[in-house]
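This report describes how a ligand is held in a protein model and lists some backbone features. The sequence and structure come next.

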Amino acid sequence: MTEAHRPQPFTSRPAAPLTGTARVPGDKSISHRALMIGAVATGRTRVSGLLEGEDVLATAGALRALGVRISREDGATGVTYVIDGAGLSGLAAPTTVLDMGNSGTGARLLLGLLATHPLTAQVTGDASLVERPMGRVIEPLSRMGASFLAREGTKLPLTVTGARMPVPIVYRLPVPSAQVKSSILLAGLNAPGETTVIEPEATRDHTELMLRHFGAELTVEDAGDGSRQITLTGQPELIARPVEVPGDPSSAAFATVAALIAPGSEITLPNIGINALRTGLYVTLIEMGADIAFANEREVAGEPVADLVVRASALRGVEVPADRAPSMIDEYPILAIAAAFAEGPTVMKGLAELRVKESDRIAAIAGGLAAIGAAFEEGEDDLTVRGGGRPRGSATAIPTHFDHRIAMSFLVAGVGAEGPVTVDDGAAIATSFPGFVELMNGLGANISGATDP
Ligand code: S3P
(Lines give C-alpha, C1' and ligand atoms only; values in the text may rest on other atoms or scores of the structure.)
Protein backbone atom coordinates (compact mmCIF):
# COMPACT_ATOMS: atom_id res chain seq x y z
CA MET A 1 0.00 0.00 0.00
CA THR A 2 1.61 3.26 -1.11
CA GLU A 3 0.44 6.77 -0.48
CA ALA A 4 -0.64 6.93 -4.13
CA HIS A 5 -2.69 3.77 -3.72
CA ARG A 6 -6.14 3.96 -5.33
CA PRO A 7 -8.70 1.74 -3.61
CA GLN A 8 -10.40 -0.91 -5.79
CA PRO A 9 -13.88 -1.68 -4.44
CA PHE A 10 -15.44 -5.08 -5.19
CA THR A 11 -19.00 -6.35 -4.85
CA SER A 12 -20.04 -9.96 -4.29
CA ARG A 13 -23.63 -10.78 -5.21
CA PRO A 14 -25.66 -13.81 -4.11
CA ALA A 15 -24.57 -16.79 -6.19
CA ALA A 16 -26.03 -20.00 -7.54
CA PRO A 17 -24.50 -23.21 -6.14
CA LEU A 18 -20.70 -23.35 -6.53
CA THR A 19 -19.51 -26.31 -8.57
CA GLY A 20 -16.38 -27.58 -10.25
CA THR A 21 -12.66 -27.87 -9.57
CA ALA A 22 -10.28 -25.00 -8.88
CA ARG A 23 -6.51 -24.88 -8.36
CA VAL A 24 -5.64 -22.65 -5.45
CA PRO A 25 -2.24 -20.85 -5.68
CA GLY A 26 0.82 -22.05 -3.80
CA ASP A 27 1.32 -21.85 -0.05
CA LYS A 28 2.60 -18.46 1.00
CA SER A 29 4.59 -19.65 4.02
CA ILE A 30 6.30 -22.43 2.09
CA SER A 31 7.01 -20.12 -0.86
CA HIS A 32 8.87 -17.58 1.31
CA ARG A 33 10.91 -20.37 2.87
CA ALA A 34 11.73 -22.05 -0.45
CA LEU A 35 13.20 -18.79 -1.76
CA MET A 36 15.13 -17.95 1.40
CA ILE A 37 16.51 -21.42 2.09
CA GLY A 38 17.29 -21.92 -1.61
CA ALA A 39 19.14 -18.60 -1.53
CA VAL A 40 21.62 -19.78 1.11
CA ALA A 41 21.93 -23.38 -0.09
CA THR A 42 24.70 -24.70 -2.29
CA GLY A 43 23.60 -25.43 -5.84
CA ARG A 44 20.50 -24.75 -7.91
CA THR A 45 17.07 -25.07 -6.28
CA ARG A 46 14.07 -25.51 -8.59
CA VAL A 47 10.72 -24.54 -7.09
CA SER A 48 7.41 -25.40 -8.74
CA GLY A 49 4.05 -24.08 -7.58
CA LEU A 50 5.58 -20.98 -5.98
CA LEU A 51 2.96 -18.40 -5.02
CA GLU A 52 3.37 -15.43 -7.34
CA GLY A 53 1.69 -13.08 -4.89
CA GLU A 54 3.10 -9.67 -4.06
CA ASP A 55 4.38 -10.81 -0.63
CA VAL A 56 6.47 -13.62 -2.07
CA LEU A 57 7.65 -11.52 -5.02
CA ALA A 58 8.87 -8.93 -2.49
CA THR A 59 10.98 -11.65 -0.86
CA ALA A 60 12.38 -12.65 -4.27
CA GLY A 61 13.19 -8.99 -4.96
CA ALA A 62 15.00 -8.60 -1.64
CA LEU A 63 17.05 -11.75 -2.21
CA ARG A 64 18.02 -10.52 -5.67
CA ALA A 65 19.13 -7.23 -4.09
CA LEU A 66 21.30 -9.37 -1.79
CA GLY A 67 23.05 -10.85 -4.83
CA VAL A 68 21.06 -14.06 -5.32
CA ARG A 69 20.19 -15.06 -8.88
CA ILE A 70 16.54 -16.05 -9.15
CA SER A 71 14.97 -16.68 -12.53
CA ARG A 72 11.48 -17.65 -13.68
CA GLU A 73 10.95 -20.36 -16.29
CA ASP A 74 7.54 -20.77 -17.91
CA GLY A 75 7.54 -24.34 -19.22
CA ALA A 76 5.04 -26.93 -20.44
CA THR A 77 4.41 -28.19 -16.89
CA GLY A 78 4.00 -24.72 -15.41
CA VAL A 79 6.18 -22.05 -13.85
CA THR A 80 9.45 -22.96 -12.13
CA TYR A 81 11.57 -20.57 -10.09
CA VAL A 82 15.26 -21.34 -10.28
CA ILE A 83 17.45 -20.13 -7.43
CA ASP A 84 21.23 -20.20 -7.69
CA GLY A 85 22.17 -20.57 -4.04
CA ALA A 86 24.74 -18.12 -2.73
CA GLY A 87 25.85 -20.52 0.00
CA LEU A 88 25.43 -20.25 3.76
CA SER A 89 27.09 -16.90 4.32
CA GLY A 90 26.96 -15.78 0.71
CA LEU A 91 24.49 -12.87 0.79
CA ALA A 92 26.04 -9.59 -0.39
CA ALA A 93 25.43 -6.11 1.04
CA PRO A 94 22.53 -4.51 -0.84
CA THR A 95 22.78 -1.11 -2.47
CA THR A 96 19.03 -0.51 -2.29
CA VAL A 97 16.49 -0.51 0.54
CA LEU A 98 14.83 -3.91 0.92
CA ASP A 99 11.08 -3.25 0.65
CA MET A 100 9.09 -6.21 1.99
CA GLY A 101 5.75 -4.70 0.97
CA ASN A 102 2.85 -5.98 3.11
CA SER A 103 4.63 -9.10 4.34
CA GLY A 104 5.37 -9.70 8.01
CA THR A 105 6.68 -13.17 7.16
CA GLY A 106 9.03 -11.83 4.49
CA ALA A 107 10.36 -9.10 6.78
CA ARG A 108 10.84 -11.19 9.91
CA LEU A 109 12.37 -14.22 8.20
CA LEU A 110 14.69 -12.08 6.11
CA LEU A 111 15.88 -10.25 9.24
CA GLY A 112 16.88 -13.67 10.58
CA LEU A 113 19.05 -14.38 7.54
CA LEU A 114 20.56 -10.88 7.64
CA ALA A 115 21.29 -11.04 11.38
CA THR A 116 24.18 -13.47 10.91
CA HIS A 117 25.63 -12.06 7.69
CA PRO A 118 28.35 -9.43 8.25
CA LEU A 119 26.62 -6.73 6.20
CA THR A 120 24.39 -3.72 6.71
CA ALA A 121 20.93 -3.50 5.13
CA GLN A 122 17.92 -1.22 5.34
CA VAL A 123 14.52 -2.89 5.49
CA THR A 124 11.12 -1.28 5.09
CA GLY A 125 7.54 -2.12 4.11
CA ASP A 126 4.17 -0.62 3.27
CA ALA A 127 1.98 1.53 5.53
CA SER A 128 0.62 -1.57 7.30
CA LEU A 129 3.94 -3.39 7.76
CA VAL A 130 5.75 -0.36 9.21
CA GLU A 131 3.25 -0.36 12.08
CA ARG A 132 3.70 -4.05 12.95
CA PRO A 133 5.88 -5.18 15.88
CA MET A 134 9.46 -6.11 14.96
CA GLY A 135 10.75 -6.10 18.56
CA ARG A 136 9.83 -9.77 18.75
CA VAL A 137 12.65 -10.60 16.29
CA ILE A 138 14.96 -7.69 17.10
CA GLU A 139 15.32 -8.92 20.68
CA PRO A 140 16.51 -12.53 20.01
CA LEU A 141 18.51 -11.56 16.91
CA SER A 142 20.34 -8.92 18.96
CA ARG A 143 21.30 -11.63 21.42
CA MET A 144 22.82 -13.50 18.48
CA GLY A 145 25.05 -10.50 17.80
CA ALA A 146 23.10 -8.41 15.25
CA SER A 147 22.53 -4.71 15.82
CA PHE A 148 19.46 -2.74 14.83
CA LEU A 149 18.53 0.88 14.41
CA ALA A 150 14.76 0.85 14.19
CA ARG A 151 12.09 3.54 14.09
CA GLU A 152 10.72 3.91 17.61
CA GLY A 153 13.13 1.09 18.58
CA THR A 154 10.93 -1.74 17.29
CA LYS A 155 9.44 -0.75 13.95
CA LEU A 156 10.34 -0.56 10.27
CA PRO A 157 12.06 1.11 8.56
CA LEU A 158 15.18 -0.23 10.23
CA THR A 159 18.84 -0.73 9.58
CA VAL A 160 20.33 -4.08 10.52
CA THR A 161 24.01 -4.91 10.81
CA GLY A 162 24.57 -8.62 10.98
CA ALA A 163 26.93 -10.27 13.45
CA ARG A 164 30.55 -10.90 12.43
CA MET A 165 30.79 -13.61 15.08
CA PRO A 166 27.24 -14.97 15.48
CA VAL A 167 26.30 -16.45 18.84
CA PRO A 168 23.93 -19.44 19.02
CA ILE A 169 21.15 -18.98 21.59
CA VAL A 170 18.52 -20.90 23.51
CA TYR A 171 15.32 -18.89 23.24
CA ARG A 172 11.85 -19.41 24.64
CA LEU A 173 9.24 -17.67 22.49
CA PRO A 174 7.16 -15.18 24.49
CA VAL A 175 4.39 -15.38 21.85
CA PRO A 176 3.50 -18.44 19.77
CA SER A 177 4.90 -17.28 16.42
CA ALA A 178 6.24 -19.35 13.55
CA GLN A 179 7.74 -16.18 12.13
CA VAL A 180 9.86 -15.54 15.22
CA LYS A 181 10.84 -19.21 15.48
CA SER A 182 11.82 -19.27 11.81
CA SER A 183 13.73 -16.01 12.03
CA ILE A 184 15.91 -17.41 14.83
CA LEU A 185 16.45 -20.74 13.06
CA LEU A 186 17.48 -18.99 9.84
CA ALA A 187 19.89 -16.84 11.85
CA GLY A 188 21.17 -20.03 13.49
CA LEU A 189 22.27 -21.38 10.12
CA ASN A 190 25.34 -19.15 10.32
CA ALA A 191 26.03 -19.55 14.04
CA PRO A 192 28.46 -22.19 15.29
CA GLY A 193 26.98 -24.86 17.58
CA GLU A 194 23.34 -25.37 18.46
CA THR A 195 20.54 -22.81 18.23
CA THR A 196 17.47 -23.83 20.22
CA VAL A 197 13.96 -22.39 20.10
CA ILE A 198 11.40 -23.47 22.69
CA GLU A 199 7.83 -22.81 21.67
CA PRO A 200 5.14 -22.99 24.34
CA GLU A 201 2.56 -24.02 21.71
CA ALA A 202 3.37 -25.73 18.42
CA THR A 203 3.28 -23.37 15.42
CA ARG A 204 3.60 -24.16 11.71
CA ASP A 205 6.78 -26.12 11.11
CA HIS A 206 7.49 -25.47 7.43
CA THR A 207 10.93 -24.03 8.21
CA GLU A 208 11.93 -27.13 10.15
CA LEU A 209 10.64 -29.46 7.41
CA MET A 210 12.36 -27.53 4.65
CA LEU A 211 15.68 -27.19 6.47
CA ARG A 212 15.66 -30.97 6.90
CA HIS A 213 14.66 -31.39 3.24
CA PHE A 214 17.87 -29.45 2.37
CA GLY A 215 19.95 -31.66 4.66
CA ALA A 216 20.23 -29.65 7.89
CA GLU A 217 20.44 -31.44 11.22
CA LEU A 218 17.46 -30.40 13.30
CA THR A 219 15.79 -32.15 16.22
CA VAL A 220 12.33 -31.57 17.69
CA GLU A 221 11.44 -32.69 21.20
CA ASP A 222 7.88 -32.61 22.45
CA ALA A 223 7.88 -31.78 26.14
CA GLY A 224 4.48 -33.44 26.61
CA ASP A 225 2.77 -30.24 27.79
CA GLY A 226 2.29 -28.99 24.22
CA SER A 227 5.62 -27.15 24.19
CA ARG A 228 8.36 -28.12 21.75
CA GLN A 229 12.12 -27.68 21.73
CA ILE A 230 13.66 -27.27 18.28
CA THR A 231 17.42 -27.52 17.96
CA LEU A 232 19.37 -26.70 14.81
CA THR A 233 23.02 -27.59 14.39
CA GLY A 234 24.61 -24.49 12.90
CA GLN A 235 26.72 -24.18 9.76
CA PRO A 236 25.15 -27.19 8.06
CA GLU A 237 25.80 -28.12 4.49
CA LEU A 238 22.54 -27.07 2.82
CA ILE A 239 22.26 -28.80 -0.53
CA ALA A 240 19.80 -27.53 -3.16
CA ARG A 241 16.75 -29.78 -3.47
CA PRO A 242 13.65 -29.51 -5.65
CA VAL A 243 10.61 -28.05 -3.90
CA GLU A 244 6.98 -28.52 -4.94
CA VAL A 245 4.83 -25.97 -3.17
CA PRO A 246 1.33 -27.31 -2.35
CA GLY A 247 -1.84 -25.23 -2.62
CA ASP A 248 -2.31 -22.91 0.34
CA PRO A 249 -4.84 -24.19 2.91
CA SER A 250 -5.31 -20.59 4.08
CA SER A 251 -6.36 -19.60 0.54
CA ALA A 252 -8.44 -22.76 0.02
CA ALA A 253 -10.36 -21.71 3.14
CA PHE A 254 -12.20 -18.98 1.21
CA ALA A 255 -13.58 -21.27 -1.50
CA THR A 256 -14.31 -23.89 1.17
CA VAL A 257 -16.50 -21.59 3.24
CA ALA A 258 -18.18 -20.16 0.14
CA ALA A 259 -19.17 -23.70 -0.93
CA LEU A 260 -20.42 -24.52 2.58
CA ILE A 261 -22.76 -21.51 2.71
CA ALA A 262 -24.08 -21.55 -0.89
CA PRO A 263 -26.83 -24.21 -0.89
CA GLY A 264 -26.37 -27.09 -3.32
CA SER A 265 -22.62 -26.48 -3.81
CA GLU A 266 -19.99 -29.15 -4.35
CA ILE A 267 -16.41 -28.22 -5.24
CA THR A 268 -13.01 -29.91 -5.43
CA LEU A 269 -9.78 -28.15 -4.51
CA PRO A 270 -6.87 -30.38 -5.56
CA ASN A 271 -3.40 -30.49 -4.02
CA ILE A 272 -3.93 -28.53 -0.80
CA GLY A 273 -1.34 -28.65 2.01
CA ILE A 274 -2.82 -30.35 5.07
CA ASN A 275 0.06 -29.98 7.54
CA ALA A 276 -1.67 -30.50 10.90
CA LEU A 277 -0.23 -27.23 12.18
CA ARG A 278 -2.24 -25.40 9.50
CA THR A 279 -5.60 -27.17 9.49
CA GLY A 280 -7.33 -25.85 12.61
CA LEU A 281 -10.02 -24.18 10.50
CA TYR A 282 -10.92 -27.47 8.80
CA VAL A 283 -11.10 -29.24 12.19
CA THR A 284 -13.41 -26.49 13.42
CA LEU A 285 -15.63 -26.49 10.33
CA ILE A 286 -16.05 -30.27 10.56
CA GLU A 287 -17.05 -29.85 14.23
CA MET A 288 -19.61 -27.32 12.99
CA GLY A 289 -21.12 -29.96 10.70
CA ALA A 290 -19.25 -29.20 7.46
CA ASP A 291 -19.01 -31.91 4.82
CA ILE A 292 -15.32 -31.76 3.87
CA ALA A 293 -13.47 -34.83 2.59
CA PHE A 294 -9.69 -35.17 2.25
CA ALA A 295 -9.15 -37.37 -0.79
CA ASN A 296 -5.93 -38.81 -2.20
CA GLU A 297 -3.77 -37.99 0.84
CA ARG A 298 -0.05 -38.06 -0.02
CA GLU A 299 3.30 -36.44 0.79
CA VAL A 300 5.01 -33.95 -1.53
CA ALA A 301 8.52 -32.61 -0.79
CA GLY A 302 8.11 -33.41 2.90
CA GLU A 303 4.64 -31.83 3.27
CA PRO A 304 1.30 -33.71 3.53
CA VAL A 305 -1.17 -32.87 0.75
CA ALA A 306 -4.76 -33.87 -0.18
CA ASP A 307 -7.59 -33.00 -2.55
CA LEU A 308 -10.41 -31.26 -0.70
CA VAL A 309 -14.01 -32.05 -1.62
CA VAL A 310 -16.48 -29.63 -0.03
CA ARG A 311 -20.29 -29.83 -0.07
CA ALA A 312 -22.77 -27.23 1.16
CA SER A 313 -23.69 -27.95 4.77
CA ALA A 314 -25.92 -26.73 7.57
CA LEU A 315 -23.46 -25.37 10.16
CA ARG A 316 -23.90 -25.02 13.92
CA GLY A 317 -21.90 -22.81 16.27
CA VAL A 318 -19.10 -24.28 18.38
CA GLU A 319 -16.55 -23.10 20.94
CA VAL A 320 -13.08 -22.91 19.40
CA PRO A 321 -10.44 -23.55 22.07
CA ALA A 322 -7.64 -21.01 22.51
CA ASP A 323 -4.96 -23.66 22.02
CA ARG A 324 -6.16 -24.22 18.45
CA ALA A 325 -5.29 -20.64 17.50
CA PRO A 326 -1.74 -21.26 16.19
CA SER A 327 -3.03 -23.83 13.68
CA MET A 328 -5.65 -21.44 12.28
CA ILE A 329 -4.22 -18.04 13.11
CA ASP A 330 -4.96 -16.59 9.66
CA GLU A 331 -8.39 -18.20 9.37
CA TYR A 332 -10.46 -16.34 11.99
CA PRO A 333 -11.81 -13.79 9.50
CA ILE A 334 -13.23 -16.54 7.28
CA LEU A 335 -14.35 -18.60 10.29
CA ALA A 336 -16.31 -15.55 11.44
CA ILE A 337 -18.16 -15.64 8.11
CA ALA A 338 -18.96 -19.36 8.47
CA ALA A 339 -20.12 -18.62 12.02
CA ALA A 340 -22.42 -15.84 10.84
CA PHE A 341 -24.22 -18.41 8.65
CA ALA A 342 -24.33 -21.08 11.42
CA GLU A 343 -27.10 -21.81 13.91
CA GLY A 344 -26.12 -20.68 17.40
CA PRO A 345 -23.06 -18.88 18.75
CA THR A 346 -19.46 -19.57 17.79
CA VAL A 347 -17.03 -18.58 20.52
CA MET A 348 -13.41 -17.87 19.50
CA LYS A 349 -10.78 -17.46 22.20
CA GLY A 350 -7.07 -16.72 22.40
CA LEU A 351 -7.10 -14.17 19.58
CA ALA A 352 -4.61 -11.62 20.98
CA GLU A 353 -2.23 -12.03 18.00
CA LEU A 354 -5.01 -11.01 15.59
CA ARG A 355 -4.59 -7.43 16.81
CA VAL A 356 -1.10 -7.25 15.21
CA LYS A 357 -1.70 -8.89 11.83
CA GLU A 358 -2.00 -7.04 8.50
CA SER A 359 -4.71 -5.07 10.31
CA ASP A 360 -6.29 -5.26 13.78
CA ARG A 361 -8.30 -8.23 12.58
CA ILE A 362 -10.66 -8.45 15.55
CA ALA A 363 -11.75 -4.86 14.95
CA ALA A 364 -11.87 -5.35 11.16
CA ILE A 365 -14.01 -8.51 11.47
CA ALA A 366 -16.32 -6.72 13.91
CA GLY A 367 -16.73 -3.78 11.55
CA GLY A 368 -17.60 -6.05 8.65
CA LEU A 369 -20.01 -8.23 10.64
CA ALA A 370 -21.85 -5.11 11.80
CA ALA A 371 -22.10 -3.92 8.19
CA ILE A 372 -23.68 -7.18 6.96
CA GLY A 373 -26.10 -7.33 9.89
CA ALA A 374 -24.56 -10.26 11.81
CA ALA A 375 -24.71 -10.18 15.61
CA PHE A 376 -21.45 -10.55 17.57
CA GLU A 377 -19.62 -9.60 20.76
CA GLU A 378 -16.04 -8.39 20.59
CA GLY A 379 -13.67 -8.85 23.56
CA GLU A 380 -10.05 -7.83 23.97
CA ASP A 381 -8.81 -11.23 22.74
CA ASP A 382 -12.00 -13.11 21.95
CA LEU A 383 -14.95 -12.89 19.63
CA THR A 384 -18.40 -14.46 19.70
CA VAL A 385 -20.45 -14.54 16.51
CA ARG A 386 -24.13 -15.11 17.18
CA GLY A 387 -25.14 -16.73 13.87
CA GLY A 388 -28.70 -17.65 12.98
CA GLY A 389 -29.99 -16.93 9.50
CA ARG A 390 -28.42 -15.43 6.41
CA PRO A 391 -26.90 -11.99 6.93
CA ARG A 392 -28.63 -9.35 4.83
CA GLY A 393 -25.57 -7.97 2.96
CA SER A 394 -23.86 -4.62 3.31
CA ALA A 395 -25.54 -1.28 2.78
CA THR A 396 -22.17 0.50 2.60
CA ALA A 397 -18.67 -0.58 1.60
CA ILE A 398 -16.87 -2.55 4.32
CA PRO A 399 -13.50 -1.08 5.33
CA THR A 400 -10.80 -3.70 4.68
CA HIS A 401 -7.82 -1.71 6.05
CA PHE A 402 -5.73 -3.03 3.13
CA ASP A 403 -6.01 -6.52 4.65
CA HIS A 404 -6.29 -9.30 2.05
CA ARG A 405 -8.00 -11.78 4.34
CA ILE A 406 -10.63 -9.27 5.46
CA ALA A 407 -11.42 -8.40 1.83
CA MET A 408 -11.71 -12.05 0.72
CA SER A 409 -13.73 -13.09 3.79
CA PHE A 410 -16.45 -10.49 3.24
CA LEU A 411 -16.56 -11.18 -0.50
CA VAL A 412 -17.25 -14.80 0.47
CA ALA A 413 -20.03 -13.61 2.78
CA GLY A 414 -21.65 -12.00 -0.26
CA VAL A 415 -21.82 -15.40 -1.99
CA GLY A 416 -24.39 -16.61 0.53
CA ALA A 417 -25.93 -13.44 1.98
CA GLU A 418 -29.42 -12.22 1.09
CA GLY A 419 -28.08 -9.14 -0.68
CA PRO A 420 -24.77 -7.95 -2.15
CA VAL A 421 -21.68 -7.29 -0.03
CA THR A 422 -19.23 -4.57 -1.06
CA VAL A 423 -15.68 -4.14 0.25
CA ASP A 424 -13.94 -0.79 -0.04
CA ASP A 425 -10.70 -2.17 -1.48
CA GLY A 426 -9.70 -5.54 -2.89
CA ALA A 427 -6.22 -4.50 -4.00
CA ALA A 428 -4.53 -6.29 -1.09
CA ILE A 429 -5.87 -9.64 -2.29
CA ALA A 430 -2.94 -9.74 -4.73
CA THR A 431 -0.52 -10.04 -1.78
CA SER A 432 -1.56 -13.66 -1.15
CA PHE A 433 -4.16 -14.81 -3.69
CA PRO A 434 -3.68 -13.48 -7.22
CA GLY A 435 -6.64 -14.60 -9.33
CA PHE A 436 -9.01 -14.90 -6.36
CA VAL A 437 -11.95 -13.20 -8.12
CA GLU A 438 -11.48 -15.23 -11.31
CA LEU A 439 -11.16 -18.49 -9.34
CA MET A 440 -14.29 -17.79 -7.31
CA ASN A 441 -16.28 -16.72 -10.36
CA GLY A 442 -15.08 -19.84 -12.19
CA LEU A 443 -16.80 -21.87 -9.46
CA GLY A 444 -20.01 -19.84 -9.87
CA ALA A 445 -19.57 -16.82 -7.59
CA ASN A 446 -20.60 -13.38 -8.81
CA ILE A 447 -17.84 -10.98 -7.76
CA SER A 448 -17.02 -7.86 -9.74
CA GLY A 449 -15.11 -4.63 -9.49
CA ALA A 450 -17.38 -1.75 -8.51
CA THR A 451 -17.16 -0.23 -11.96
CA ASP A 452 -17.82 -3.54 -13.78
CA PRO A 453 -21.34 -4.09 -15.20
C1 S3P B 1 3.40 -17.25 9.14
C2 S3P B 1 3.12 -17.29 10.48
C3 S3P B 1 1.95 -16.64 11.08
C4 S3P B 1 0.90 -16.27 10.05
C5 S3P B 1 1.50 -15.65 8.83
C6 S3P B 1 2.49 -16.59 8.18
C7 S3P B 1 4.61 -17.90 8.65
O8 S3P B 1 2.39 -15.47 11.72
O9 S3P B 1 -0.03 -15.37 10.60
O10 S3P B 1 0.49 -15.33 7.87
O11 S3P B 1 4.75 -18.09 7.42
O12 S3P B 1 5.48 -18.23 9.47
P13 S3P B 1 2.95 -15.50 13.24
O14 S3P B 1 4.05 -16.45 13.26
O15 S3P B 1 3.43 -14.12 13.54
O16 S3P B 1 1.78 -15.90 14.06
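In which pocket does the ligand sit? The ligand occupies the largest pocket. The model is predicted.

## Ligand shell

The ligand is surrounded by S29, R33, T105, S177, A178, Q179, R204, I329, D330 and K357. Sorted by class, this shell holds 4 charged, 4 polar and 2 nonpolar residues.

Two elements each give two or more residues to the shell: α1 (28–39) and α5 (178–188). Domain 1 (10–26 + 246–449) and domain 2 (28–232) each contribute at least three residues to the shell.

## Polar contacts and cover

Oxygen atoms of the ligand have polar partners in the protein. With S177, the partner is a polar side-chain atom, 2.9 Å from a ligand oxygen. With A178, a polar backbone atom lies 2.8 Å from an oxygen atom of the ligand. With K357, an N or O atom of the side chain is 2.7 Å from a ligand oxygen.

On its own the ligand has 380 Å² of accessible area, and the protein covers 96% of that area.

## Backbone features

Most peptide bonds are trans, and most residues other than glycine have a negative phi. The bond from L156 to P157 is cis, with omega near -5 degrees. P157 belongs to strand β9 (residues 155–161).

N271 is not a glycine, yet its phi is positive, at about 65 degrees; this residue is part of strand β15 (residues 266–273). H401, also not a glycine, has a positive phi of about 55 degrees. H401 is located in the loop between β21 (382–385) and α11 (404–416).

Note on methods:
Residues numbered from 1 in each chain as written. Predicted model: local features only at pLDDT ≥ 70, side-chain atom pairs only at ≥ 80, totals over all residues. Heavy atoms only, no water. Near = heavy atom within 4 Å. Polar contact = N/O pair within 3.5 Å; in protein donor to acceptor, adjacent residues only side chain to side chain. Areas by Shrake-Rupley, 256 points an atom, 1.4 Å probe, with all protein chains shown as cover. 1 Å grid on protein atoms, 1.4 Å probe; cavity = no way out; pocket = protein on both sides within 12 Å on 5 of 7 lines; lining within 4 Å. Sits in = over half its atoms within 2 Å of the grid points. Helix = DSSP H or I, 4+ residues; strand = E, 2+ residues; numbered from the N terminus. Nonpolar A, V, L, I, M, F, W, Y, C, P; charged D, E, K, R; others polar. Domains from an automatic or database assignment.
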